[in-house]
Amino acid sequence: MATATAPATDIHHDSHDPHATNTGISNNKLAMWLFLSTECLLFGALISTYLIYKTRGNSEVLPTDLFDIPFTSVSSFVLLMSSLTMVLALSAFGRNDLDRGKAWLLVTAMLGAVFMGGQAYEFTAFYEEGLGYTTNPAASAFYTLTGFHGAHVSIGIIMLMSLWVAANQGKLTGKNSETVEIVGLYWHFVDLVWIFIFTVIYLIPPE
Amino acid sequence: MAIIEEPLALTSGEQHAERPLGVLTRPQANGSWKDWVSTVDHKKIGIMYGVAAMFFFLVGGLEALLIRTQLAFPESGFLSADVYNQIFTMHGVTMIFLFVMPFAAAFANYLIPLQIGARDVAFPRLNALSFWVWLSGAIFLNTSWIVGGGGADCGWFCYSPNSGITFSPTNGVDFYAIGLLITGIASLVSAVNLAVTCLNMRAPGMSLFRMPVLTWMLLVTQFLLAFALPVITVALLLLLFDRQFDSQFFDPEAGADPLLWQHLFWIFGHPEVYIIILPSFGIISEVIPAFSRKPIFGYSFMVFSGIAIGFMGWGVWAHHMFVSGIGPISVFAFSMATMFIAVPTGVKILNWLATMWGGKLNFSTAMLFAVGTVTMFTIGGLSGVTHSLAPADTQQTDTYYIVAHFHYVIFGGGVLGLFAGVYFWWPKVFGHLLDERRGKIHFWAMLIGFNLTFGPMHVLGLQGMSRRINTYSSGFGFEFWNLVATIGSYILGASVLYFLWNVYKSKKDAPNLPAPGPDPWDARSLEWSIPSPTPEHNFDEIPVIESQDDWWFRKYNIEDDGSVVRISSAEDAAQKGDAVGVHLPSPSFWPLVLAIGLPLIGYGLIFNLWLCVVGGLLTGGAIYAWVLEPVDDPDAGAHGHDDHRDGGDPDGELATVGAAGDDMEGED
């Protein structure tokens, strides 16, 4: 975005960069990095809440009693693969290969949607087994944490689809592939959070 | 996302304005009120922050006077216990979130670009968004008096289970939670925006360690905001879910732990103390050198102690919770950390004193406020260190001693410093000085009123008077000091009104007085190198920075023998502000539209979910309209690229300024 049309010619500019910004990172990208760093605290607080409450069942059913590790492993794998396709999309836009770029964007969004379908299925199954949102503190914490992650994935899907539409309209080309990169940063972050959630929440058994 | 900004920015020769979504054209500045509601100019936004914060200062001050009136005499029936709870809660919330933070944001918005030599912040539209979202949240919060069945009544820290629906059945706490969530979004957006501005938008040669101390402290503040707000966001959401959707986060009967709220709140709440105080520290670090006629003593110590405070502020939150049973090891660790954080703060106080030492002191109003800040904050800081001794703190918890302490810190350290900034930068912002004689009366009235109000609270607290209780019995020896405190609070209130009188009168008298010129205080940082009031484009040409206090060295030279020689008058050295055709980011209505959607979602959550749909559509639509809006109105492109000569990199600079189209995704 904010790349100068001509390199800075100022001899007094004692820093190294030929870019318009002091850090050499564009404003948009730096803002996304900062935003994602704040998200770490958001998920950190939610994960901590769950970890404190994971055995607070009030003698009702606990989320840990219901986890279906094989199923969630598959949906986690799907989400993980969407990071790969995101990279492929960015790479395609970087080469100005718009057809492939659009296709990979679409695939990434689809994989995200599959993951969300998995979450919807999981929530439904848990609910039918007696774990409602208000059942106990563990349930509230579990649904809030994974629900927040799901909301982030959904927003990511909306962003990917918006990019796809923009690319179809010719507004998104190789020249502004950084936009794809920034959405990609968000998408990878959401994936990363899930890896953390999956490990800490699902895989580590309750004592 | 910033999908289209590059192709559409200035490339088209078309003369018709784009109509994104066919609703609103990109507005153009023409001198009407629309300039203000659609502005993306950091200076106008800063002024609006200041004005709105001042309004809420009066609201919070009125609430304070109600509290003090109730407490003037024992067993007073002026306010019922229920109303008293609401008033002191809303007083705290208003003063912290609706006055001190936005008032500091006013300085941050106005001054950061000027001090680093930029034409605007990194994301001008997001900047406008921050203001409007904050304002909509502030108004939303206060409408609970009208439609929420009263204000929140749980204290500004809103401990559970008091904040639960059982003990707080009105909608006040819902308004509290949603209102603070909305203002939190504003602060978070602003934090990212201003941090990027400091990191990315500095003028050539303005390395990080040439930035003025104020900008540094504001940068640290933005990072504190960026990391503290997500935590309170989670806490508020959990509270909201408990109240609205019957989740079980804070219900002890269901096995939940109310301490979770305390931890989440204070992990935010203690950095918040530094969010409040650091801007003020930064301001007086500009004021004291200017009126001591010396550079700041130990610049790098000032900067690094600010950074150290920023880091250590995260490790002391549980000293708010010493009596909650967190265990001896935690108490010990947080005691030590709390003592330790006094060290960088002490470094700052030493450096201010050392700056004044041997200086040619000029006690202008701004300087008086700055010195008042140092002294009052020192008192507050010392009583704060007494809290780090857990056994003593156990006695002091929930007494008026605490109230005295944090008012000395927040009012004495924070607000007095902000007023120093008001008097210091007023000529830069409005082009005329605030009257010094009235200013000094304002200062002394405020200082005396402040000490009369909060000084006696130390005594009351040590005598055992509880805070948050609506009255006290006679015969405990509380009567005299309470009456003194109440009288003091009225003096304090009067001093604020006198300040507003000074503002009005100074403006009225201004045409008959000589203009202050670009640099009335013979100061040191870049904002004084441009005319007063600041021209819309800030700098005619982006300055090239060669040293710390670059502007001062354009006026003075240090000879080989160490003597200081004036080489240029400020008028000669300053820019003329007469550049034409400087390309500026175009105004936009979408930040305002987006901001209006958020309180609608809030009302919807409380009253009727359908309203959420309306608010959601408004917000979502505004986001898309925002993204699709051309970054620069083609009509405004008449200025073209060749607007000024090659000081800096105009194209890159402008492209950067214009690149506001940003990601609003994920603002939970």
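User: How is the expected span of a helix defined?
Analyst: Take the number of residues and subtract one. The expected span is 1.5 Å times that figure.

User: In this predicted model, what distance does helix α6 of chain A reach from its first C-alpha to its last?
Analyst: Helix α6 of chain A covers residues 177-203, which is 27 residues. At 1.5 Å a residue, 39 Å is expected. The helix comes close to that, reaching 37 Å.

User: Is α6(A) largely enclosed by the rest of the structure or largely open, and how many of its residues are buried?
Analyst: Buried means under 20% relative accessible area. α6(A) is largely enclosed by the rest of the structure, because of its 27 residues the number buried is 20.

User: Is His91(B) buried or exposed?
Analyst: His91(B) sits in helix α4 of chain B, residues 81-116. Beyond four places in sequence, its contacts are Gly60(B), Glu63(B), Ala64(B), Ile67(B) and His407(B). Its relative accessibility is 14%, and the cut-off is under 20%. So His91(B) counts as buried.

User: What is the approximate area of the nonpolar surface patch that includes Trp145(B)?
Analyst: Trp145(B) lies in helix α6 of chain B, residues 144-147. It is partly exposed, at 31% relative accessibility. Ile146(B), Val147(B) and Phe607(B) make the patch with Trp145(B), and its area is about 400 Å².

User: Over which residues of chain A does pLDDT stay under 50?
Analyst: Chain A has a mean pLDDT of 89, with 90% of its residues at 70 or more. One stretch stays under 50, and the model gives it 31 contacts beyond four places in sequence. That stretch is residues 1-19.

Definitions and conventions. Residues are numbered from 1 along each chain as its sequence is written. Chains are lettered from A and ligands numbered from 1 in the order in which they are written. This is a predicted model: local features need pLDDT of at least 70, side-chain atom pairs count only at pLDDT 80 or more; totals for chains, interfaces and linings use all residues. Side-chain values use heavy atoms; hydrogens and water are left out. Helices (H or I, at least four residues) and strands (E, at least two) are DSSP runs, numbered from the N terminus. Buried means under 20% relative accessible area, exposed over 50%, partly exposed in between (1.4 Å probe, protein chains only). Contact means heavy atoms within 4.5 Å. Patches are made of residues with over 30% relative accessible area and no salt bridge: like charges are joined within 9 Å, nonpolar side chains (Val, Leu, Ile, Met, Phe, Trp, Tyr) within 5 Å. Accessible areas come from the Shrake-Rupley method with a 1.4 Å probe; for residues, only the protein chains shown count as cover. A salt bridge is a side-chain nitrogen of Lys or Arg within 4 Å of a carboxyl oxygen of Asp or Glu. pLDDT is the predictor's confidence in each residue, from 0 to 100.
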